[in-house]
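User: I'm new to this one and would like some help reading it. Could you take me through it feature by feature?

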Amino acid sequence: MCWLVIFIFTMIIYQSDRLAAHLFRIKQRSEYLRQGSCQKTGQCCQALAIEVPRSFMKREKLLHWVKRWCKSIYNFHYLGTINENWLVFECHYLSDENTCRIYPFRPKLCREFPQTTLWGKGNLHKGCGFWFLKRTDQGSFQEKLVRQQHEQERKEFRLHIKKDLSN
C-alpha cells in the first residue's frame, strides 16, 4: 500500500510539471540539443549526483532528511558529497544487465536524463550514448565532426573498460 501511495504521489508531481510546462510555455529554447540514445552502461545509475542548495549543507538535520527521502522514495543510496553541494547516490533498482527493474515507473529524474538546460550543456559520464549539439550547428559540417568525436570517445572508453575487466 505504501508503494502505491508513493507511486501516485510521484505521478501527480510528474503530471503537474508537464501541465505547468504546457500552460506557461517558455518561449526561449535551450542552447544545446540532446542527441544519441542510452547505451545501457549503467553509469548514470551507479553514480548520480543531485545538487542541493549550499544552505542545506550547513544544516545537518535537513541534509539527513534529503538523504532519507532519496532512499525511501527513490531507493537511492548515499555514497558521498562532491563539490561542496552535490550529493552522490547509487540506484538500487539497477539490474546486473544495467537495466532498470522499475523502468515504466522510474522517477522523473531518471525519465528526463540527461536534461537539457536553458544555457550551457549538462555533464555526462564518459561512454554515455547521449551527447549535446549546439542548436546553431544542427545540420552543418560541425555536427558531423562533433558526432565523430563523440563516437571516438565512446570507442576509447569501451576499450578502456574491456582492458580493465581483463586485468
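Analyst: Happy to. Let's begin with what a strand is here: a DSSP run of E, at least two residues long, with numbering from the N terminus. Keep in mind that this is a predicted model. Ile82 makes a handy starting point, as it belongs to strand S3, which covers residues 76-82.

User: Is Ile82 buried or exposed?

Analyst: In between. Buried means under 20% relative accessible area and exposed means over 50%. Ile82 has 41%, so it counts as partly exposed.

User: Which strand does S3 pair with, and in what sense?

Analyst: To call two strands paired, we want at least two bridges between them. S3 pairs with strand S4, residues 86-91, in the antiparallel sense, and six bridges link them. For one spot to look at, find Gly80: opposite it stands Val88 in S4.

User: What joins S3 and S4?

Analyst: They form a hairpin, with three residues between the two strands. Have a look at Asn83 in that turn, where phi is positive, about 50°.

User: How many strands form the sheet, and in what order?

Analyst: Three strands, in the order S2-S4-S3, make up an open sheet with antiparallel pairing. S2 (48-51) and S3 are the edge strands, each pairing on one side only. Ignoring direction, neighbouring strands in this sheet are turned by 35° against each other on average.

User: How many bridges pair S2 with S4?

Analyst: Four, again in the antiparallel sense. In one of these pairs, Glu51 has Trp86 of S4 as its bridge partner. As a general idea for reading any such sheet, side chains in a regular strand alternate between the two faces.

User: What about Ile82 and Ala49: how far apart are they in sequence and in space?

Analyst: They are 33 residues apart in sequence, while their C-alpha atoms are 8.6 Å apart in space.

User: Now the cysteines. How many disulfides does the structure hold?

Analyst: Zero. Cys44, for one, is in no disulfide, and the nearest cysteine sulfur, in Cys45, is 4.0 Å away. The cut-off for a disulfide is two cysteine sulfurs within 2.5 Å. Cys44 is also partly exposed, at 27% relative accessibility.

User: Why is Cys110 not bonded to Cys91?

Analyst: Because their sulfurs are 5.9 Å apart, which is too far for a bond, and Cys91 holds the cysteine sulfur closest to that of Cys110. With a relative accessible area of 28%, Cys110 is partly exposed.

Key
Residues numbered from 1 in each chain as written. Predicted model: local features only at pLDDT ≥ 70, side-chain atom pairs only at ≥ 80, totals over all residues. Heavy atoms only, no water. Buried < 20%, exposed > 50% of the residue type's maximum accessible area, 1.4 Å probe, protein only. Axes fitted to C-alpha atoms, helices over the stretch in contact; angles between N-to-C directions.
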